[in-house]
Amino acid sequence: QSYTHSDMVVFDVDMVLTMPRDPVFQMPTFRKYRKDFRRLMRSIPKTHHDIALLYMVMQSPQVPTHHNMPQLVRNLQGDHVKTVFLTALVTGAFYQMSSAAEWRGFSLMSAGYDIQNTPVEGVEYKEFSKHLGSYPKRAGHLLMTNGDKGGVTKGALLVHYLTEKSLAPTRLLMVDDRLKNLKSVGVELAKAFPGI
């Protein structure tokens, strides 16, 4: 399949493009110990689930999920295919972290991905509700919903971004490891951009 400048590819970030280098915090471990992980999450108040997930992801340096992934993304960008990075991680300041959004952008770039954030044009999306003291944000082509439990849906944020940038790709391919995110994007796109 070949893509052109009229297409857009949207990548989920966590566990799709990057993962913690430590195997303890990688998806195969979470799957293997699914019952223990669920028990742990039940012991944490739901209002803190998004923070707990952030700290699990940041326990070790972020690395590509596959050694070819950064090159695949660079190839798309080199062919002028619009690429967007979309994560549900929170964006605010927590404990010893001054900005989860900045950390997420830096960790993606450190893993070899270009979020095209030059010049820096970080934007807070105050049109959406505040969650855990912060708003959804954008840094270049990195969109952050500000949480899975209290942030905006990936579909709503992506539609907002397309509208903000006056983008209407002919085709949109989304790569995500969670079906609910694919459905959210599909539903929101069908309402706002039925031609895509």
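**Exercise 1. Which residue of β4 is the bridge partner of M8, and which residue stands opposite M8 in β8?**

Step 1. Start on the β4 side: in this predicted model, M8 has K82 as its bridge partner.

Step 2. Now look towards β8, where L172 stands opposite M8.

Step 3. Zoom out to whole strands. β4 covers residues 82-87 and runs parallel to β1, with five bridges joining the two. β8 takes in residues 171-175, and its pairing with β1 is also parallel, over five bridges.

Step 4. As a check further along, find D12: its bridge partner in β4 is L86.

**Exercise 2. Where do β1, β4 and β8 sit in the order of the open sheet, and which strands are at the edges?**

Step 1. Write down the order: β5-β6-β7-β4-β1-β8, six strands in an open sheet with mixed pairing.

Step 2. Pick out the edges. These are β5 and β8, each of which pairs on one side only.

Step 3. Place β1 in that order: it comes between β4 and β8, which fits the five bridges to β4 and the five to β8.

**Exercise 3. Is strand β1 enclosed or open, and why?**

Step 1. Recall the pattern to expect: side chains in a regular strand alternate between the two faces of the sheet.

Step 2. Sort the residues by side. D7, V9 and F11 belong to one side, M8, V10 and D12 to the other, and all of them are buried.

Step 3. Draw the conclusion: β1 (residues 7-12) is largely enclosed by the rest of the structure, because six of its six residues are buried. Both of its faces are covered.

**Exercise 4. What does the side chain of D176 reach, and with which side chain does it make a polar contact?**

Step 1. Locate D176 in the loop between β8 and α7.

Step 2. Check the accessibility. At a relative accessible area of 13%, D176 is buried, since the cut-off for that label is under 20%.

Step 3. Follow the side chain. One target is the backbone nitrogen of R178, at 2.8 Å. Another is the side chain of N181, a polar contact at 3.2 Å.

Step 4. Add the wider set of contacts. Leaving out residues up to four places away in sequence, D176 touches D12, V16, K154, N181 and L182. D12 takes us back to β1, where D12 is buried too.

**Exercise 5. How many residues line the largest pocket, and how do they divide by class?**

Step 1. Take the volume, about 930 Å³.

Step 2. Go to the lining: 30 residues, with M27, F37, L53, D148 and R178 nearest the centre. R178 is also the residue whose backbone nitrogen the D176 side chain reaches.

Step 3. Find the contributing elements. Those giving two or more residues to this lining are α1 (27-32), α2 (34-42) and α3 (49-57).

Step 4. Split by class: 14 nonpolar, three polar and 13 charged.

**Exercise 6. Which element gives the largest share of the lining of the second largest pocket?**

Step 1. Note the volume, about 200 Å³, and the 16 lining residues, of which A101, E102, G122, A139 and M144 come closest to the centre.

Step 2. List the elements that supply at least two residues each: α5 (100-110), β5 (123-124) and β6 (137-139).

Step 3. Pick the winner: α5, with five residues.

Step 4. Finish with the classes, which are eight nonpolar, four polar and four charged.

**Exercise 7. L132 and N146 each have a positive phi. Which of the two is buried, and which is partly exposed?**

Step 1. Keep the usual case in mind: most residues other than glycine have a negative phi.

Step 2. Take L132, in the loop between β5 and β6. L132 has a phi of about 55 degrees and, with a relative accessible area of 30%, is partly exposed.

Step 3. Turn to N146, in the loop between β7 and α6. The phi of N146 is near 70 degrees, and this residue is buried, at 0% relative accessible area.

Step 4. For company in the loop between β7 and α6, add G150. G150 is partly exposed at 30% and, neighbours within four places aside, is in contact with D50 and H131.

Methods. Residues numbered from 1 in each chain as written. Predicted model: local features only at pLDDT ≥ 70, side-chain atom pairs only at ≥ 80, totals over all residues. Heavy atoms only, no water. Buried < 20%, exposed > 50% of the residue type's maximum accessible area, 1.4 Å probe, protein only. Helix = DSSP H or I, 4+ residues; strand = E, 2+ residues; numbered from the N terminus. Pairing = 2+ DSSP bridges. 1 Å grid on protein atoms, 1.4 Å probe; cavity = no way out; pocket = protein on both sides within 12 Å on 5 of 7 lines; lining within 4 Å. Points joined across faces, edges and corners; volume = space filled by probe spheres on them. Nonpolar A, V, L, I, M, F, W, Y, C, P; charged D, E, K, R; others polar. Polar contact = N/O pair within 3.5 Å; in protein donor to acceptor, adjacent residues only side chain to side chain. Contact = heavy atoms within 4.5 Å.
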